[in-house]
Amino acid sequence: MDIDAWLWWLIGAAALGIALVITAMPELGMLAVGAVAAAVVSGIFGGGAVAQVAVFAVVSTALIAAVRPVARRHRSQRPELATGVDALKGKQAVVLERVDGSGGRIKLAGEVWSARALDTGRSYEVGQEVDVVDIEGATAIIM
């Protein structure tokens, strides 16, 4: 039994699609689209082996060249809406209990937090407004 070239391309596209799901490498999806394009050239247009490989290479390369910069740009951007402890960094708090390098308490976003000073030689007195620099576990680092 002789299998047509377009069917081999579709089998290859399916294999690349499965590999995409397993590895989460988006490049494999783009190669799968290139394989489908080569199957179309083979099955519908009756293109020869050289045309099929050329279409596969051109479509796959074009997709990778177009999508990778967009993906890289999205990966490097910070989310516009900070949530969780990231949303608390940079906020102001009020000292409830003297804070120094070893600890203390602050009121941050309506909640009482344990805190310690970023500069271990500095202390903050009750009622003083401070800035939250970082959150380490359940402790706010302030200055």
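User: What makes the crossing of α2 past α3 right-handed or left-handed?

Analyst: In this predicted model, α2 passes α3 in a right-handed crossing, a name used if the near helix is turned clockwise from the far one by less than a right angle, whereas anticlockwise would be left-handed. Local features need pLDDT of at least 70 and side-chain atom pairs 80 or more, while totals for chains, interfaces and linings use all residues. Residues are numbered from 1 along each chain as its sequence is written, and side-chain values use heavy atoms, without hydrogens and water.

User: At what angle do α2 and α3 pack?

Analyst: The angle is about 150°, with the axes 8 Å apart; axes are lines fitted to C-alpha atoms over the stretch in contact, and angles run from 0 to 180 degrees between N-to-C directions.

User: How do you know the span of helix α2 agrees with its number of residues?

Analyst: Helix α2 (a DSSP run of H or I, at least four residues) has 18 residues, 26–43. The expected span is 1.5 Å times one less than the number of residues, which gives 26 Å, and the end C-alpha atoms are 26 Å apart, so the two agree.

User: Which residues of α2 are called buried?

Analyst: Among them are Leu 28, Met 30, Ala 35 and Val 41, where buried means under 20% relative accessible area with a 1.4 Å probe, protein chains only. The buried residues of α2 pack against α1 (5–23) and α3 (49–76).

User: What joins the side chains of Asp 100 and Ser 102?

Analyst: Asp 100 lies in strand β1, residues 92–100, and a polar contact of 2.8 Å joins these side chains; the term asks for a pair of N or O atoms within 3.5 Å, one able to donate a hydrogen and the other to accept it.

Definitions and conventions:
Helix = DSSP H or I, 4+ residues; strand = E, 2+ residues; numbered from the N terminus. Buried < 20%, exposed > 50% of the residue type's maximum accessible area, 1.4 Å probe, protein only. Contact = heavy atoms within 4.5 Å.
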